[in-house]
Amino acid sequence: MASSRDQMEKMQLRQNYPNHWHTDLMRATQSDPLFCCFSLWCAPCASYLLRKRALYNDMSRYTCCGGYMPCSGRCGESHCPEFCLCTEVFLCFGNSVASTRFMLQDEFNLQTTKCDNCIIGFMFCLQQLACICSIIACLTGSEEIQDAAQLLNCLSDLVYCTVCSCMQTQHKVEMDKRDGKFGPQPMAVPPVQQMSRLDQPVPPSLGYPPAQPQAYPPMQQPHGYPPPPQQPQGYPPPQQQPQDYPPPQQQPYGYPPANYPPPGAGYPH
């Protein structure tokens with residue numbers, strides 16, 4: 001229970017990441033149409049290339065499913081990472097795409113937009129509905145329900161392939177941005193421990209720096225008015241006290257006279 005609660009808290013923290021994807025799922029096809037077609041017809045190959053690129057072509061970093069699954073680290077990845085990655089992208093294609101997405105989100109603090117969440121949620125709901133209709137068709141033996149189930153299965157498969165293709169294109173465009181194809185300065189390779197997992201603390205802000213507020217220009221004097229007076233350097237001078245201040249109090253010359261009052265003087269009794 002405590003482990004599940006910690007994982008849920010970390011997933012909620014990842015929803016509040018400050019950065020956004022360079023392109024969303026709706027415009028991923030426009031961003032790179034050639035790779036979108038490649039990821040549609042050769043989806044496992046695209047997933048293999050993207051995962052390897054997400055690891056900066058260093059397969060010593062590879063862990064099955066990016067370290068997000070219970071089997072991660074227990075499949076002999078350290079001995080044959082290329083073979084393990086091939087097995088992952090062909091047998092667990094959905095998990096391979098999702099793991100690459102989580103890795104990029106954790107590395108660059110990327111949050112998914114509400115529109116992307118709706119598209120991904122619609123894909124999952126359609127798959128569940130097709131599965132429920134197939135179960136009902138098997139239990140009832142109705143041909144009408146069987147036809148509806150087949151139609152829903154075809155529709156859910158079409159949506160699944162389309163969303164995965166757009167998602168992988170989105171990952172590719174984001175790594176193009178990371179590698180400096182949209183700017184002059186590519187990003188440095190982070191250390192291995194920064195590729196966070198659900199069983200590790202949320203990493204610090206890496207990747208894209210937050211935008212700095214632009215400073216306002218200084219207030220200018222209206223045209224036609226004299227410039228504001230400027231004080232000379234060192235003005236006002238520090239106030240100094242005159243020497244031996246305050247001066248000793250002196251009585252006026254001749255007042256009171258010496259030996260005043262006379263001895264014995266006073267009020268009468």
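The buried residues of helix H4 pack against four other helices, namely H3 (33–41), H5 (81–91), H6 (93–108) and H8 (143–178), and this helix of the predicted model is a convenient place from which to begin a walk through the structure. Helix H4 covers residues 43–54, which makes 12 residues, and from its first C-alpha to its last it reaches 16 Å, close to the 16 Å expected at 1.5 Å a residue. The residues of H4 that are buried are Ala43, Ala46, Ser47, Tyr48, Leu50, Arg51, Arg53 and Ala54.

One of these buried residues can be followed in detail. Serine 47 has its place in helix H4, and with a relative accessibility of 2% it counts as buried, because that value falls under the 20% limit for burial. When its neighbours within four places in sequence are left aside, serine 47 is in contact with Val89, Phe93, Ser96, Val97 and Gln168.

Before following these partners further, it helps to see the protein as a whole. Its secondary structure comes to 8 helices and 2 strands, and from the N terminus on the elements run α-β-α-α-α-α-α-β-α-α. The protein has 269 residues, of which 33% count as buried. Among the contacts in the protein with a separation of 6 or more, 74% are accounted for by residues 24 or more positions apart.

Such a link across the sequence can also be traced by distance alone. Leucine 91 and proline 44 are 47 residues apart in sequence, while their C-alpha atoms are 9.2 Å apart in space. Leucine 91 is found in helix H5, and at 67% relative accessibility this leucine counts as exposed, because the value is over 50%.

The packing of helices can next be looked at pair by pair. In general, two packed helices are described by the angle between their axes and the distance between the axes. For H3 and H8 the angle is about 135° and the axes are 8 Å apart, and these two helices are therefore oblique to each other. H3 passes H8 in a right-handed crossing. The contact is made on the side of H3 by Phe35, Cys36, Ser39 and Leu40, and on the side of H8 by Cys161, Ser165, Gln168, Thr169 and Lys172. Gln168 of H8, listed in this contact, is also one of the residues that serine 47 of H4 touches.

Helix H8 has a further partner in helix H7, which spans residues 114–140; the axes of these two helices come within 8 Å and cross at roughly 155°. That angle makes H7 roughly antiparallel to H8, because an angle has to be over 145 degrees to count as such. H7 passes H8 in a left-handed crossing, whereas the crossing of H3 with H8 is right-handed.

The cysteines raise a separate point, since the structure holds 0 disulfides. Why do cysteine 42 and cysteine 45 not form a bond? The sulfur of cysteine 42 has its closest cysteine sulfur in cysteine 45, at 5.2 Å, and this is too far for a bond, because a disulfide needs the two sulfur atoms within 2.5 Å. The sulfur of cysteine 65 has its closest cysteine sulfur in cysteine 64, at 3.9 Å, which is likewise too far for a bond. As for their surroundings, cysteine 42 counts as partly exposed at 32% relative accessibility, whereas cysteine 65 is buried, with a relative accessible area of 3%.

A last feature concerns the backbone. Just after H4, tyrosine 56 takes a positive phi of about 60°. Asparagine 57, which is not a glycine, also has a positive phi of about 60°, and this asparagine lies in the loop between H4 and H5. Elsewhere, asparagine 109 has a positive phi of about 55°, although it is not a glycine either, and asparagine 109 is found in the loop between H6 and strand E2 (110–111). Is each of these two asparagines buried or exposed? Asparagine 57 counts as exposed, with a relative accessibility of 55%, whereas asparagine 109 is buried, with a relative accessible area of 3%.

Conventions: Residues numbered from 1 in each chain as written. Predicted model: local features only at pLDDT ≥ 70, side-chain atom pairs only at ≥ 80, totals over all residues. Heavy atoms only, no water. Expected span 1.5 Å × (residues − 1). Buried < 20%, exposed > 50% of the residue type's maximum accessible area, 1.4 Å probe, protein only. Contact = heavy atoms within 4.5 Å. Axes fitted to C-alpha atoms, helices over the stretch in contact; angles between N-to-C directions. Parallel < 35°, antiparallel > 145°, perpendicular 65-115°, else oblique. Left-handed = near helix turned anticlockwise from the far one by under 90°.
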